[in-house]
Each structure stands twice: as C-alpha cells, then as structure tokens.
Amino acid sequence: PQAMYAYFPGKEQLKVALIIDFLDELTANIEKKLVGVAGEQALTIFGERLHTLLLAQPEMTRLAFGGIN
C-alpha cells in the first residue's frame with residue numbers, strides 16, 4: 001500500500017486534510033441529531049454529542065484542537 005503522503009505536497013497539508021475531514025464528520029453527525037430540535041434541547045444534544053464524539057477519537061481531537069505540530 002502506498003503512503004498517504006504521496007497524495008499531499010507535505011506533512012502539514014496531510015494534517016490539515018485529516019482535520020477538515022474529522023470536523024466535517026463531527027458536523028454531519030451532530031446535524032443529524034439536531035433535525036427537528038430547537039432551543040435548550042438542541043444545545044444539550046449538541047454538547048452531549050460533541051463531547052461523546054471527541055472522546056471517541058482522542059488522537060483526532062488532539063490533532064484538531066491541539067495544533068498542527
């Protein structure tokens with residue numbers, strides 16, 4: 001199997017692409033849970049779902065919110 005690095009100009013671009021994909025997945029997942037929900041209930045669902053999803057992927061969470069290094 002070929003390394004993913006071959007598809008990106010550099011390591012930083014690969015990291016950015018991974019972060020974007022991760023955040024897109026988080027957003028899509030949360031949006032599905034919020035269909036038809038509003039107000040305080042929506043905020044509660046948003047917070048709980050985000051918390052659950054971030055804890056489920058600690059390495060990606062660290063990459064996305066801990067910087068590019």
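Q: From the N terminus on, how do the elements of the protein run?
A: Residues here are numbered from 1 along each chain as its sequence is written, and side-chain values use heavy atoms, with hydrogens and water left out. This is a predicted model, where local features need pLDDT (the predictor's confidence in each residue, from 0 to 100) of at least 70, side-chain atom pairs count only at pLDDT 80 or more, and totals for chains, interfaces and linings use all residues. The protein has three helices and zero strands, both being DSSP runs numbered from the N terminus (helices are H or I, at least four residues; strands are E, at least two). So, going by that definition, the order is α-α-α.

Q: What average pLDDT does the protein have?
A: By element, helix 3 has the lowest confidence, with a mean of 94, and helix 2 the highest, at 96. Across the protein, 91% of the residues score at least 70. The average pLDDT is 90.

Q: Is the protein more spread out or more compact, set against the globule rule?
A: Along its principal axes, the C-alpha trace spans about 45 × 20 × 20 Å. The radius of gyration is taken over C-alpha atoms, and the globule rule is 2.2 Å times the number of residues to the power 0.38. For 69 residues that rule gives 11 Å, and the protein's 15 Å is well over it. So, next to a compact globule, the protein is more spread out.

Q: How far apart are the end C-alpha atoms of helix 1?
A: The expected span of a helix is 1.5 Å times one less than its number of residues. Helix 1 has 24 residues, so it should span 34 Å. The value in the model agrees with that: 35 Å.

Q: Which element gives the most to the largest nonpolar core?
A: A nonpolar core is a set of buried Ala, Val, Leu, Ile, Met, Phe, Trp, Tyr and Cys residues joined through side-chain atoms within 4.5 Å; the largest one here has eight: Ile19, Phe22, Leu26, Ile30, Leu53, Leu54, Met60 and Leu63. Two or more of them come from each of helix 1 (11-34), helix 2 (39-56) and helix 3 (58-65). With four residues, the top contributor is helix 1.

Q: Which elements are included in what covers the buried residues of helix 1?
A: Buried means under 20% relative accessible area, exposed over 50%, and partly exposed in between (1.4 Å probe, protein chains only). In helix 1, the buried residues are Leu14, Lys15, Ile19, Phe22, Leu26 and Ile30. Their cover includes helix 2 and helix 3.

Q: Is Thr61 buried or exposed?
A: Thr61 sits in helix 3. Leaving aside neighbours within four places in sequence, Thr61 is in contact (heavy atoms within 4.5 Å) with Phe22, Leu54 and Gly66. On the same footing, Leu54 is in contact with Phe22, Leu26, Thr61 and Phe65. Thr61 has 17% relative accessibility, so the verdict is buried.

Q: What relative accessibility does Gln13 have?
A: Gln13 belongs to helix 1. C-alpha to C-alpha, Gln13 and Leu63 are 13 Å apart in space, and 50 residues apart in sequence. Gln13 counts as partly exposed because its relative accessibility is 39%.

Q: Which residue just after helix 1 takes a positive phi?
A: Helix 1 covers 11-34. Just past that helix, a phi of about 80° is taken by Gly36.
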